[in-house]
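The exercises below ask for a careful reading of an interface and of a helix pair, and each is followed by a worked solution. Please study the sequence and the structure before turning to the solutions.

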Amino acid sequence: MGDLKISVNIAPTFAKLIIAWLTLFVLYLILKKLLYKPVSNILVERQKKIQSEIDESKALKSEAEQLKLQYEAHMESAKEEAQEIIEAARQRGEELRLDIVSKAQKEAQEIKSRAKVEISREREAAFQEVKSQTGDLALLIASKIMEEEINSEKQNQLIEKFIDEVGSSKWQN
Amino acid sequence: MEIFITLGDKEIFIPDSIVNFVFIALFIVIFSAIVNKKAKNTNPDDVPSGFLNVVEMLIETINNLVRSTMGEHNMKFAPYILTIFVLILCSNLYGLLGFTSPTSDYSVTLALALATFVIVQVTGVRSAGGLFKYLKGFTEPNFLLTPLNVIGELANPVSLSFRLFGNILSGGLIMTLLYALFGYLAPVLAPPFHIYFDIFSGGLQAFIFTMLTMVFIGGATEA
């Protein structure tokens with residue numbers, strides 16, 4: 001083994017203490033100014049920023065939740081309104097239907113009664129005409145028969161006259 | 001590297017541990033200057049990235065520790081907590097580079113512990129509302145306990161400094177002895193021990209020192 005040189009500085013001396021203190025003190029001042037403060041500032045500012053962002057997002061979230069509630073309420077009321085509108089339309093439709101049906105029935109009734117009146121009047125008129133024509137015809141037939149019986153000899157003349165009249169311009173007008 | 005300063009007929013010896021301590025402090029200053037430049041060019045709105053992220057994580061961890069152990073009203077101590085944590089951690093890990101750890105020099109750990117002690121006392125006096133009221137607190141709950149209270153208060157910096165000093169010094173000593181033992185096999189066999197004595201123990205001791213500092217200062221503000 002080689003020779004071992006170990007020095008142990010156990011006795012404190014004033015000069016060493018002073019130097020160590022000065023070193024510590026100066027290092028403290030420098031570290032405080034150069035290292036601690038700027039880095040702490042960064043940390044504090046970052047913390048503030050993160051905090052403000054968290055606060056902001058919380059506010060936004062609550063706002064969004066409120067908006068969602070509002071929206072849901074709107075949706076609910078809109079649904080109800082739509083239901084009401086549909087109900088009202090259905091009711092109105094029903095009313096219209098009933099109205100139209102009753103009107104149509106009334107009209108049909110009118111038309112029917114008018115037609116009945118017309119028919120009876122027509123029948124009456126036809127009846128009257130038939131009646132009058134029948135009278136004329138009977139009279140004509142009667143007069144013809146009477147004429148024939150009165151003047152048989154003249155029958156031929158009459159026929160011939162009739163045929164002549166048919167042939168003449170008198171019938172052609 | 002060791003320095004001799006001659007003042008008149010007095011000669012002051014500055015061992016390499018102290019020189020290393022100042023060197024580490026300088027390194028941290030350069031590092032923080034780079035971080036500072038990056039931090040100023042960074043928009044807080046951007047997604048954090050890169051190596052600034054690690055620094056942010058460190059500072060956030062320190063802030064959270066200070067907040068949970070000392071309370072929101074003691075956040076002004078966070079830069080000091082950050083300073084001693086970074087300084088002690090770097091000093092402890094400095095042994096990995098093959099140099100003497102500054103924290104294996106009792107002067108350094110005593111200076112750190114005394115700085116904490118002074119802060120604790122000043123904070124105690126301030127929060128008690130005057131020196132007399134603060135000193136009166138030592139006689140509670142019974143004036144017979146005053147010597148115990150005083151010893152208990154004075155023991156804090158001693159235990160604080162010797163714990164750190166002893167752990168780092170013993171780690172360094174054991175590593176030196178192990179290197180002598182391993183000889184040519186040292187590059188293969190030494191790393192696990194480095195992991196334990198330098199990284200694990202160094203990190204743990206830095207954390208314990210910082211944690212105890214927070215507890216002491218926090219206790220002083222509550223009293």
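**Exercise 1.** Determine how many residues each chain gives to the contact between chain B and chain A, and describe the area buried there.

*Solution.* In this predicted model, the contact draws 51 residues from chain B and 33 residues from chain A. The area buried between the two chains is about 3,900 Å², and carbon and sulfur atoms give 79% of that area.

**Exercise 2.** Identify the polar and charged pairings between chain B and chain A, and then work out which elements of chain B supply the side that touches chain A.

*Solution.* The count of salt bridges between chain B and chain A is 2; one of them joins the side chains of E56(B) and R46(A), with an N to O distance of 2.7 Å. Across the same interface, 5 residue pairs are in polar contact, both residues of each pair having pLDDT 80 or more. On the side of chain B that touches chain A, at least two residues each come from β2 (10-14), α1 (16-40), α2 (50-70), α3, α4 and α6 (146-182), and α1(B) gives the most, with 12 residues. By class, this side of chain B divides into 37 nonpolar, 9 polar and 5 charged residues.

**Exercise 3.** Establish how helices α3 and α4 of chain B are oriented, and which residues make their contact.

*Solution.* The axes of α3 (residues 78-93) and α4 (residues 106-128) of chain B come within 12 Å and cross at roughly 170 degrees. Angles over 145 degrees count as roughly antiparallel, so α3(B) is roughly antiparallel to α4(B). The contact is made by Y80(B), I84(B), L87(B) and I88(B) of α3(B), together with L112(B), A115(B), T116(B) and I119(B) of α4(B); by class, these are 7 nonpolar, 1 polar and no charged residues.

Notes: Residues numbered from 1 in each chain as written. Chains lettered and ligands numbered in written order. Predicted model: local features only at pLDDT ≥ 70, side-chain atom pairs only at ≥ 80, totals over all residues. Heavy atoms only, no water. Axes fitted to C-alpha atoms, helices over the stretch in contact; angles between N-to-C directions. Helix = DSSP H or I, 4+ residues; strand = E, 2+ residues; numbered from the N terminus. Parallel < 35°, antiparallel > 145°, perpendicular 65-115°, else oblique. Contact = heavy atoms within 4.5 Å. Nonpolar A, V, L, I, M, F, W, Y, C, P; charged D, E, K, R; others polar. Buried area = accessible area lost by both parts, 1.4 Å probe. Salt bridge = Lys/Arg side-chain N within 4 Å of Asp/Glu carboxyl O. Polar contact = N/O pair within 3.5 Å; in protein donor to acceptor, adjacent residues only side chain to side chain.
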